[in-house]
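Reader: Mind walking me through this one? I'd like to go contact by contact and see what hangs together.

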Amino acid sequence: MSNRLKKLQRHQRKFISKQKENNMVTRKAFTYECEDCGKRFRMWLQKGLEEPGENHKPVPFVIQCKCGGMATHVDWSNDIELNHDLPILDHMNYFAFKVNQDCGMAVLR
Ligand SMILES: [Zn+2]
């Protein structure tokens with residue numbers, strides 16, 4: 001493969017990543033439970049996270065709850081997977097897809 005083609009592909013991948021970062025839609029949600037306050041809440045995954053392929057970006061198994069405690073992904077059998085895009089709205093907790101991060105960033109509201 002020529003260097004020029006490689007450069008072009010790299011450029012394209014970056015472009016696609018940027019598009020994903022700005023695409024505020026989701027198809028998946030996981031449930032998290034806080035070990036300290038006991039609260040259970042749903043975390044939506046911005047599209048592009050936890051998808052197979054060479055640019056796989058996971059989401060963390062443990063995140064910080066609003067109370068400061070540690071919340072872990074629970075109830076795996078009830079993970080949500082939709083077959084259509086759902087917009088991520090202002091009140092929804094979600095993991096943000098960030099081009100420069102190795103995994104999703106938790107945003108709690
Ligand atoms: Zn908590």
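**Contacts, cores and a metal site**

Author: Happy to, and let's start with Ala 71. Setting aside neighbours within four places in sequence, Ala 71 touches Tyr 32, Glu 33, Cys 34, Phe 41, Phe 61, Val 62, Ile 63 and Cys 65. Keep in mind that this is a predicted model.

Reader: Which residues have the most contacts inside the largest nonpolar core?

Author: That core has 13 residues. The elements giving two or more residues to the core are β1 and β2. The residues with the most contacts inside the core are Tyr 32, Phe 41, Val 59, Ile 63, Ala 71 and Phe 95.

Reader: And which residues are among those in the other core?

Author: Another core lies apart from the 13-residue one. It has six residues, among them Ala 29, Trp 44, Ile 88 and Tyr 94.

Reader: Now the metal: which protein atoms are the donors of the zinc ion?

Author: Along the chain, the donors follow the spacing C-x2-C-x27-C-x1-C. They lie 2.3 to 2.4 Å from the zinc ion. The donors are Cys 34 (SG), Cys 37 (SG), Cys 65 (SG) and Cys 67 (SG).

Reader: What arrangement do the four donor atoms make around the zinc ion?

Author: Ideal angles for four tetrahedral donors are 109.5 degrees. Four donors count as tetrahedral if all angles lie between 85 and 135 degrees. Here the angles are 105 to 116 degrees, so the arrangement is tetrahedral.

Reader: Where along the chain do Cys 37 and Cys 65 sit, and how many residues apart are they?

Author: Cys 37 is in the loop between β1 (25-34) and β2 (40-46). Cys 65 is in the loop between β3 (62-64) and β4 (70-74). The pair links distant parts of the chain, 28 residues apart.

Reader: Is Cys 65 buried or exposed? And what about Cys 37?

Author: Buried means under 20% relative accessible area, with partly exposed running from there up to 50%. Cys 65 has 6% relative accessibility, so Cys 65 is buried. Cys 37 has 42%, so Cys 37 counts as partly exposed.

Reader: Zooming out, what pattern does the chain follow along the sequence?

Author: The chain has one helix and seven strands. Read along the sequence, the pattern is α-β-β-β-β-β-β-β.

Reader: What share of the chain's contacts with a separation of 6 or more comes from residues 24 or more positions apart?

Author: For context, buried residues make up 30% of the 109 residues. The C-alpha atoms fill a box of roughly 55 × 25 × 25 Å along the principal axes. As for the contacts with a separation of 6 or more, the share from residues 24 or more positions apart is 62%.

Note on methods
Residues numbered from 1 in each chain as written. Predicted model: local features only at pLDDT ≥ 70, side-chain atom pairs only at ≥ 80, totals over all residues. Heavy atoms only, no water. Donors = N, O, S within 2.8 Å, 3.2 Å for Na, K, Ca; no water. Tetrahedral: all angles 85-135°; square planar, octahedral: opposite > 155°, others 65-115°. Helix = DSSP H or I, 4+ residues; strand = E, 2+ residues; numbered from the N terminus. Buried < 20%, exposed > 50% of the residue type's maximum accessible area, 1.4 Å probe, protein only. Core = buried A, V, L, I, M, F, W, Y, C linked by side-chain atoms within 4.5 Å. Contact = heavy atoms within 4.5 Å.
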